[in-house]
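Okay, thanks for squeezing me in today. I'd like to walk you through one structure, so let me put it on the screen.

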Amino acid sequence: MDFSNKVVLITGASGGIGASCALRFAALNANLSLVGRNVENLNNVAGKCEELKGNRPLTIKADISIDDDVQRIIVETIDRYGKLDVLVNNAGFLIMSDITGDIKNFDKMIATNIRGTYLLTQKAVPHLLETKGNIVNVSSVVSMMPILRMMAYSMTKAAMDIFTKCTALELGPKGVRVNMVNPGPVNTNLFKANSLSHEQNELELEKITEVIPLKKIVESDDVAKLITFLASENANCITGASHIIDCGLILGNPNA
């Protein structure tokens, strides 16, 4: 795979799957526009990408739940590169919440996980039509099965799945592909982001590993490899498709 002369925009690029995507695309010669809220982490990722190929990515401090930021992401990317070939909608976050939880938690996740993604995609589409580019959305395996204390998050990811399929149906005749990856638990700071300590995070990952058929946790780079494949010409006949990467979790008992 080679992304020479291709412009790739990645949201949530300051850590986790987004950072791994940045490094993977950089290694494949892409011109990158990296979006995130944590400037220090974003610059660290950009620095690593530059070390790989000597090409410094564009970094944009932005929050996709803010409409003006969404517009600015597209404007700055086009101003820098003049086009857009690939959009990776990765930005999102998890707040553990169920039916008795604060509705504000649900609103926050909707604002970023689906509304912000919807709006950014809307703004990117005219440029993707020009390049016959493609979109890869990062959903989750929890969009397909109920998990205790994750109802609100699961709802946003279920919305992401149908958003992907509808967008693929609409844009397919115009030459733009749209796909999604549905990771299971990924070895990131997912649980620490929900106020767990490092030790508690490790314990949660150990518990999950016990019920996964392959007895291991997906790494961010594993997901990045799948995303770069879907964004490449090697996947030129794939659109509207969900790609589960969960070490077999969905085959077992997710509530064990």
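I'll go through the salt bridges, then a pocket, a surface patch, some backbone angles and a few distances.

One thing up front: what you're looking at is a predicted model.

Right, salt bridges. How many salt bridges does the structure hold? There are eight, and I'll talk about some of them. Let's begin with Asp 221 and Arg 24, whose side chains meet in a salt bridge at 2.7 Å, N to O. What I like here is that the pair links distant parts of the chain. Asp 221 sits in helix α7, residues 220-231, while Arg 24 is in helix α1, residues 16-27, and the two are 197 residues apart. As for how much of each you'd see from outside, Asp 221 has a relative accessible area of 29%, so it counts as partly exposed. Arg 24 is partly exposed as well, at 26%.

Now, Asp 221 has another partner. It also forms a salt bridge with Lys 225, where the closest N and O atoms are 3.9 Å apart. This one is within a helix: Asp 221 and Lys 225 are four residues apart in helix α7, so about one helical turn separates them. Lys 225 comes out at 41% relative accessible area, which means partly exposed. Put those together and you have Arg 24, Asp 221 and Lys 225 linked in a network of salt bridges.

The next pair is Asp 63 and Arg 37, with side chains meeting in a salt bridge at 3.9 Å, N to O. Both ends are in loops: Asp 63 lies between β3 (58-61) and α3 (67-81), and Arg 37 lies between β2 (31-36) and α2 (39-53), so the pair ties together parts that are 26 residues apart in sequence. Is Asp 63 buried or exposed? Asp 63 is buried, because its relative accessible area is 17% and the cut-off for buried is under 20%. Arg 37, on the other hand, is exposed at 52%.

Okay, on to empty space. The idea is simple: you roll a probe the size of a water molecule over the atoms, and that shows where empty space is left. I'll take the second largest pocket, which has about 230 Å³ of space in it. What lines it? There are 16 lining residues, and those nearest the pocket's centre are Lys 6, Asn 134, Ala 231, Ser 232 and Glu 233. If you sort the lining of this pocket by class, you get four nonpolar, six polar and six charged residues.

From the pocket to the surface. Which residues make the nonpolar surface patch of about 310 Å²? Those are Ile 99, Met 151 and Met 155. If you want to find Ile 99 on the screen, look in the loop between β4 (86-89) and α4 (103-131). Ile 99 counts as exposed because its relative accessibility is 69%.

A quick word on backbone angles. Most residues other than glycine have a negative phi. Lys 132, though, has a positive phi, near 55°. You'll find Lys 132 in the loop between α4 and β5 (134-138), and at 52% relative accessibility it counts as exposed. Lys 215 also has a positive phi, about 55°, although it is not a glycine. That residue is in the loop between α6 (198-211) and α7.

Last bit: some distances to help you get a feel for the layout. Cys 166 is in helix α5, residues 151-171, and it is partly exposed at 46%. From Cys 166 to Ile 103 is 63 residues in sequence and 27 Å in space, C-alpha to C-alpha. Ile 147 is in the loop between β5 and α5, and it counts as buried at 18% relative accessibility. The C-alpha atoms of Ile 147 and Leu 230 are separated by 27 Å, with those positions 83 residues apart along the chain. Then there's Ser 33 in strand β2, which is buried with a relative accessible area of 0%. Ser 33 and Ser 139 are 106 residues apart along the chain, and their C-alpha atoms are 21 Å apart.

If you take one thing away, make it the network of Arg 24, Asp 221 and Lys 225. That's me done, so over to you.

Conventions: Residues are numbered from 1 along each chain as its sequence is written. This is a predicted model: local features need pLDDT of at least 70, side-chain atom pairs count only at pLDDT 80 or more; totals for chains, interfaces and linings use all residues. Side-chain values use heavy atoms; hydrogens and water are left out. Patches are made of residues with over 30% relative accessible area and no salt bridge: like charges are joined within 9 Å, nonpolar side chains (Val, Leu, Ile, Met, Phe, Trp, Tyr) within 5 Å. Accessible areas come from the Shrake-Rupley method with a 1.4 Å probe; for residues, only the protein chains shown count as cover. A salt bridge is a side-chain nitrogen of Lys or Arg within 4 Å of a carboxyl oxygen of Asp or Glu. Buried means under 20% relative accessible area, exposed over 50%, partly exposed in between (1.4 Å probe, protein chains only). On a 1 Å grid over the protein atoms alone, a cavity is a set of points where a 1.4 Å probe fits but cannot get out, and a pocket is an open set with protein on both sides within 12 Å along at least five of seven lines; lining residues have an atom within 4 Å of a point. Grid points are joined across faces, edges and corners, and a volume is the space filled by probe spheres set on the points. Ala, Val, Leu, Ile, Met, Phe, Trp, Tyr, Cys and Pro count as nonpolar, Asp, Glu, Lys and Arg as charged, and the others, Gly among them, as polar.
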